Amino acid sequence: MNPGDRVRVDRADRTYEGVLLPSSTDEQLVVKLEGGYNVGVDRERADVEVLAEDVYEIDGTDSTGADEAGSEIEFDDDLPTISLISTGGTIASTVDYRTGAVTAQFDAEDVLRAVPDLAGRANYRGRVVANILSENMEPPIWRDLADAVREEIAAGADGVVVMHGTDTMQYSASVLSFMLETPVPIVFTGSQRSADRPSSDNVMNAVSAVEAAKSDCAEVLVCMHATESDDRCALHRGTRVRKNHTSRRDAFETVGAEPLGEVDYETEEVSFRRDYRQRDETELELSPDLESDVELLKFTPGMDPEFLDVVEGSAGLIIEGTGLGHVHTDLIPRIGELIEDGTTVVMTSQCLEGRVCDRVYDTGRDLLEAGVVEAGDTLPGTAKVKLMWALENSEDVEEAMGTSLAGEIQERSVPWE
């Protein structure tokens with residue numbers, strides 16, 4: 001039997017029928033089922049019957065699925081140059097048939113092979129900064145990523161697409177918004193569903209991200225499905241976006257407003273509904289230093305004040321307070337002690353929309369008197385990475401946290417502005 005044959009595989013009490021695919025190991029059989037999903041089966045424990053030979057023509061590939069001759073990217077002087085930077089994640093992943101789990105293992109050239117629709121839209125340069133699932137993202141990788149983006153822009157890239165896992169994409173997009181002054185678009189994209197699934201969103205997200213990277217919006221954006229359908233992708237400002245669903249393809253939303261723009265997948269038109277920083281409006285500049293000793297704490301009723309001992313000595317603390325920015329009165333003295341010992345404490349709200357205002361109730365006034373800094377309607381995750389950046393790059397941290405530096409604080413908290 002050979003790849004491309006239609007086979008029936010019996011193992012224990014299960015039977016699989018489909019097209020045999022190249023396998024990453026000699027010990028595994030990989031079969032594409034009728035529904036589009038792939039399944040891996042231990043070769044020694046399976047009985048295989050070839051139902052039809054050469055049902056599909058499958059080009060020669062090595063164990064990773066790469067073309068044996070390698071990939072060659074041709075350059076066209078009439079096309080813009082887009083840099084594809086990979087950090088891993090589902091958009092650059094496949095199934096490990098040894099474990100059955102989705103693993104990040106594609107580099108940028110693999111993405112071009114996996115998404116042939118990218119061809120002819122731009123010239124591409126690719127580099128891998130990390131090869132991780134995004135829950136393993138850390139500040140040192142953010143620094144490496146920001147430096148790689150700076151190098152690509154300095155080398156002449158007309159736009160940058162960062163392929164990133166969706167779970168922590170909002171943090172990475174936010175922190176790069178503060179670390180980089182950019183004259184070209186920097187567009188984060190990912191995939192909620194891996195490429196071997198028939199409902200994968202990787203192709204549309206990647207294509208739309210490249211189109212956004214060719215636009216005139218020189219900001220850090222997140223490009224993901226706007227709806228469950230394959231019709232358009234939303235362009236979210238990196239400091240105002242939040243992943244609001246675990247698995248839906250349209251999981252990402254701009255909090256407190258509609259997305260900054262969108263990409264129509266059919267017409268390939270990129271449009272914006274609010275003002276943005278224009279291409280070449282600013283000079284390329286990198287401020288990479290981050291204070292990593294910053295924590296994010298969600299207040300809940302009944303929280304013991306001693307719980308704050310965990311963050312004693314930290315450089316910074318973001319608190320997700322209730323409503324306008326409140327915690328239990330009993331926590332305020334301990335918060336005051338942290339501030340006196342040198343910890344910068346910043347208040348945000350657990351509410352999805354609206355801004356903190358600790359001047360309305362006694363609890364809020366007591367927090368302000370203790371030295372807590374208000375962060376307006378900055379999202380808690382954005383506030384954390386902003387404080388990490390501000391502690392290393394701002395002379396007045398309190399003023400920086402209350403000022404919109406990269407669109408993180410809206411002028412008015414009006415839904416769907």
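This report walks through a helix pair, a sheet and an aromatic pair in a predicted model.

## Helices α3 and α7

Let's start with the helices. The axes of α3 (residues 169-179) and α7 (residues 380-393) come within 9 Å of each other, and they cross at roughly 35°. That crossing is right-handed.

On the α3 side, the contact involves Tyr171, Ser174, Val175, Phe178 and Met179. Their counterparts in α7 are Gly381, Thr382, Val385, Lys386 and Trp389. Sorted by character, the residues of this α3 and α7 contact come out as six nonpolar, three polar and one charged.

## The open sheet

Next up is a sheet of four strands, open and with parallel pairing, in the order β20-β21-β22-β23. Which strands stand at the edges? They are β20 (294-298) and β23 (373-374); each has a single partner strand, so one side of each has no neighbour in the sheet.

The partner of β20 is β21 (residues 316-321): the two run parallel and are joined by five bridges. Within this pairing, Leu297 sits opposite Ile319 in β21.

## Aromatic pairs

The structure has two aromatic pairs. One of them brings together Phe272 and Tyr276, with ring centres 4.5 Å apart. Why is this pair called tilted? The planes of Phe272 and Tyr276 are at 45°, and tilted covers pairs that are neither under 30 degrees (stacked) nor over 60 (edge-to-face).

Are these two rings buried or exposed? Phe272 has 22% relative accessibility, so it counts as partly exposed. Tyr276 is also partly exposed, with a relative accessible area of 22%.

Definitions and conventions: Residues are numbered from 1 along each chain as its sequence is written. This is a predicted model: local features need pLDDT of at least 70, side-chain atom pairs count only at pLDDT 80 or more; totals for chains, interfaces and linings use all residues. Side-chain values use heavy atoms; hydrogens and water are left out. Axes are lines fitted to C-alpha atoms, for helices over the stretch in contact, and angles run from 0 to 180 degrees between N-to-C directions. A crossing is left-handed if the near helix is turned anticlockwise from the far one by less than a right angle, and right-handed if clockwise. Contact means heavy atoms within 4.5 Å. Ala, Val, Leu, Ile, Met, Phe, Trp, Tyr, Cys and Pro count as nonpolar, Asp, Glu, Lys and Arg as charged, and the others, Gly among them, as polar. Two strands pair if DSSP finds at least two bridges between them. Rings of Phe, Tyr and Trp (its six-membered ring) pair if their centres lie within 6.5 Å; planes under 30 degrees apart count as stacked, over 60 as edge-to-face and the rest as tilted. Buried means under 20% relative accessible area, exposed over 50%, partly exposed in between (1.4 Å probe, protein chains only).
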